[in-house]
Amino acid sequence: MRKILAILLFGLTAFTAEISQPVKTISADANVISSNLVDENLYLGTDEGTVNIYDIKADKFLPAIKLPKKKAYFSDEASSRVFSIDRLGDKLLVLAELSYDERRLFIYKFDGEKFNEVANFLTPNKSAKKALFSDENTAVISDFGNEIYVVDLKSGNLIFKHKFSIALYVDFEINETRDKIAIGAESGVIYIYNLKTRETEQTLNFFKDNMYDIDYKNGVVSVGSIDKQAGVYNGETSYFKADFIVYATALSPSGKSLAFMNGEQSDVSVYDVASKKKLATVKTGQQILNGLYLSNGGRLISVAYEKEVKFWSIK
């Protein structure tokens, strides 16, 4: 009987791929602290105040964006830090920390070869953490106090703001039609908020403690947790166990596959969400991951606080 069970267990695990060789590795100008993948262009924000733009289809970098140096209270000419990047159409939105810890939004427009700055302005407060387009003239900005600010990008004026809870902010993502966001708090709760109606549509109680890195694809939400689990909501809530704090998660565009950081060596586990079948383990060999991107076709991109960004195939 034990032999039969052993054979069955071996059969269940034998088809789980273990991958340690990336298909491709690219290098940013400096250590990457933020990233975004939009229309097969990978945007990498560094702690040296640059935005590197990698065109995946053309397999080349576009001209980098260099933010101005910043002044601090006890030093001059330090590098700015890029907190978030988003693209909509031919416009790019960059949230950066500049002089004396101020947060400033930069708007760029693509001329066919490079991005040119068209405007910049201070954010409503100094604790802004992330900014995403809701349309080409409007942005949603999150802050440390779990509050969002919706601003007009032409004037820089505040349109409205909304506070979700007294718990501290974790992360937020916007859906494909850019009318809803999924925003999380350290209390373990994620709110689905409609930017048009200005109402919270759902309150998802994932965990009882801190969370990391929300993804929101095709109506499906994923999130990592200090509880050594990744959570997914696709009409019902599912949990996937990990060996370490889950600092990064990613859903495929269909929402049918999940990738998450699993282990102190920054391995990535990839699962089919519906069946909870493990599809692959990717041995990235990187520092703690701060970005994952998973395609429907089995491409995985892993980003960490280092220069190297790795591409993997999990087909």
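Here is a short conversation about a predicted model and the terms used to describe it.

Biologist: Before we start, what should I know about the values for this predicted model?

Modeller: Local features need pLDDT of at least 70 and side-chain atom pairs count only at pLDDT 80 or more, while totals for chains, interfaces and linings use all residues. Residues are numbered from 1 along each chain as its sequence is written, and side-chain values use heavy atoms, with hydrogens and water left out.

Biologist: Good to know! Why is Asp213 called buried?

Modeller: Buried means under 20% relative accessible area, exposed means over 50%, and partly exposed lies in between (1.4 Å probe, protein chains only). Asp213 has 18% relative accessibility, so it counts as buried.

Biologist: And why is Lys276 called partly exposed?

Modeller: Its relative accessible area is 41%, so Lys276 is partly exposed. Asn290 gets that label too, because its relative accessibility is 27%.

Biologist: Where do Asp213, Lys276 and Asn290 sit?

Modeller: Strands are DSSP runs (E, at least two residues), as helices are (H or I, at least four), numbered from the N terminus. Asp213 belongs to strand S19, and Asn290 to strand S27 (residues 289-294). Lys276 is in the loop between strand S25 (267-272) and strand S26 (278-283).

Biologist: What is notable about phi in Asp213 and Lys276?

Modeller: Asp213 has a phi near 55°, a positive value in a residue other than glycine. For Lys276, also a residue other than glycine, phi is positive and near 60°.

Biologist: What makes S19 largely enclosed?

Modeller: Five of the seven residues in S19 (residues 211-217) are buried, so the rest of the structure largely encloses this strand.

Biologist: How do you know that S19 pairs with S20?

Modeller: Two strands pair if DSSP finds at least two bridges between them. S19 and S20 (residues 220-225) run antiparallel and are joined by five bridges, so they meet that definition. In S20, Gly224 is the bridge partner of Tyr212. The two strands form a hairpin with two residues between them, and Asn218 in the turn has a positive phi of about 55°.

Biologist: What about S5, is it mostly covered or open?

Modeller: Mostly covered: six of its six residues (50-55) are buried. Thr50, Asn52 and Tyr54 point one way, while Val51, Ile53 and Asp55 point the other way.

Biologist: Which strands pair with S5?

Modeller: S4 (residues 41-46) pairs with S5 in the antiparallel sense over five bridges, and Tyr43 stands opposite Ile53. S5 also pairs with S6 (residues 60-66) in the antiparallel sense over five bridges, with Val51 opposite Ile65.

Biologist: What makes Tyr54, Phe61 and Phe311 a cluster?

Modeller: Ring pairs link them. Rings of Phe, Tyr and Trp (its six-membered ring) pair if their centres lie within 6.5 Å; planes under 30 degrees apart count as stacked, over 60 as edge-to-face and the rest as tilted. The structure holds 13 aromatic pairs.

Biologist: Why is the charge of Arg87 said to sit over the ring of Phe110?

Modeller: A charge sits over a ring if NZ of Lys or CZ of Arg is within 6 Å of the ring centre and within 35 degrees of the ring normal. The charged end of Arg87 is 5.4 Å from the centre of the Phe110 ring, so the distance part is met. Lys129 lies over the face of Phe83, at 5.7 Å from the ring centre.
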